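Here's a quick briefing on one protein model. Have a look at the fold first, then read on.

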Amino acid sequence: MTASKTAMASLSFTHFRPFSSASMPSLSPSFSSRLVPHPPDLIKWVRREGGFVHHALNIAPAPGAHTGLGLLASHHIPKGSELIILPHNLPLRFESPEAGDSDEADSVLVNLARQVPEELWSMKLGLKLLKERAKVGSFWWAYIGNLPEVFTVPIFFPGDDIKNLQYAPLLYQVNKRCRFLLDFEKEVKRTLDSIKPENHPFGGQTVDASSLGWAMAAVSSRAFRLYSKNLTDSTPTSVPMMLPLIDMCNHSFNSNARIIQEQDASMKLKVVAETEIEENAPLTLNYGCLDNDLFLLDYGFVVPSNQYDYIELKYDEALLEAASIVAGISSENFSSPAPWQRLILTKLNLHGEAALLKVSIGGSEIVDGRLLAALRVLLSVDEEMVQKHDLSVLKSLSAEAPLGIANEVAALRTVIALCVIALGHFPTKIMDDETLLKKCESETSKLAIQFRLQKKSVIIDVMSNLTRRVKLLSSKAVSQG
């Protein structure tokens, strides 16, 4: 055992870089600090390895950036200009090697990756990232050395800041990821303790939950899912990959650049200017139409006034009944639906053994279509009228009062009441949060407050939208009456 440990320590010292800064970070005020104090010049490395970088692009602190550094234009760049081109060998990807064409360390990595659930795919690529980070002389060191030292994702929040998110669905996801990292740490330790020192993919270094968390956060916040050649038959296959330099573009729903992947044999990746880019403007990409749960979980920031953000509710008869009481609407059908109503609820997948009871308020739909259809049906006593309409109509908010104005007003008032109840579940009020945010100095505390503020704003916006609709319908009913 002693000889084995000595061999591992020697191997670690001569061929591998330590994971010391991957330990649980104490989040400092500066989030532009990189993994090493003086990292290699990333732009020079990309060019040296056959890539292209527009001469006007520089790495610098981006105004309003969530992670400190970004790519800025030193002068005006015309629309359509090629900004970055990466050859096929520069992206960092995790692909299982062909049978018989890999060393033992790669095999260990592949076996560990097989134990990662698909929803946490970032951990699979994170294992490859940790291996390359540990290796002295890694081809990707110029890229890895420029990665952030810390990430502002909730798995690294202090306990109080996790609790202060105040939103159960996100708390569940954060706790799930933390539990996974603690469990996976044990599995990694068991695996690494049973192999020969020369087959250790991380050079004999201890891989703990913190270093695994750093790698998972690095990947989730920076990877893109693009096409790569299948190693067995060369057909294109979709895989997550980390794109040096490109991943320094910050997010915007109105981005000024986009990624294009060549479909020829080269499979080159290009970033092209979607619009004219003015001097000192940051390069931005659209990370996707995501809610703030995913932006905070995976990227470590919150988007103000995010049109895709929503709150999650459970479809529950008791909750609907409570909402109807708040709205001043009397209906026994919430707790005891008629057989024909129960049949429609089943079609909406809100009743029965395999029912999916998660519904939402906010986002592009404003009101979850299944929830709206259920309320319209449950608040109707006219089975014949209901049966005249397709479910797609009953689920659509843009379908104006398909079951009559009185029914529509009752349904919308019930949703408004659900919003009131949901808002009441937050321990703090919006004014309290705004006051706390002004005084707050901790970055993670700010993020927690911003997140819950945006969730409450979603609820308020939905209430305002539906209240306007109710007033219009009510005035229409008066004019018709």
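What follows covers the chain as a whole, one sheet, one residue in that sheet and the largest pocket.

This is a predicted model, where local features need pLDDT of at least 70, side-chain atom pairs count only at pLDDT 80 or more, and totals for chains, interfaces and linings use all residues. Residues are numbered from 1 along each chain as its sequence is written, and side-chain values use heavy atoms, with hydrogens and water left out.

**The chain overall**

- You get 17 helices and 14 strands in the protein chain; these are DSSP runs numbered from the N terminus, with helices being H or I of at least four residues and strands E of at least two.
- Of the chain's 481 residues, 51% count as buried, that is, under 20% relative accessible area with a 1.4 Å probe and protein chains only.
- Take the contacts (heavy atoms within 4.5 Å) between residues at least 6 apart in sequence: 72% of them join residues at least 24 apart.

**The three-stranded sheet**

- Strands 12, 13 and 14 make an open sheet in the order 12-13-14, with antiparallel pairing; two strands pair if DSSP finds at least two bridges between them.
- Strand 12 (310-314) and strand 14 (366-367) are the edges, each pairing on one side only.
- Five bridges tie strand 12 to strand 13 (residues 358-362), and Lys314 has Lys358 in strand 13 as its bridge partner.
- Helix 15 (residues 405-424) packs on this sheet and touches strand 12, strand 13 and strand 14, its direction making about 95° with that of strand 13. Axes here are lines fitted to C-alpha atoms, for helices over the stretch in contact, and angles run from 0 to 180 degrees between N-to-C directions.

**Ile311**

- Ile311 belongs to strand 12 and counts as buried because its relative accessibility is 2%.
- Beyond its neighbours within four places in sequence, Ile311 has contacts that include Tyr167, Val359, Ile361, Ala422 and Val458.
- Cys419 is 108 residues away from Ile311 along the chain, yet their C-alpha atoms are separated by 9.6 Å.

**The largest pocket**

- The largest pocket holds about 540 Å³ of space. A pocket is an open set of points on a 1 Å grid over the protein atoms alone, where a 1.4 Å probe fits, with protein on both sides within 12 Å along at least five of seven lines; lining residues have an atom within 4 Å of a point. Grid points are joined across faces, edges and corners, and the volume is the space filled by probe spheres set on the points.
- Its lining has 26 residues, with Gln173, Arg177, Leu294, Leu297 and Asp298 nearest the centre.
- Helix 7 gives the most to the lining, with six residues.

Conventions
Buried < 20%, exposed > 50% of the residue type's maximum accessible area, 1.4 Å probe, protein only.
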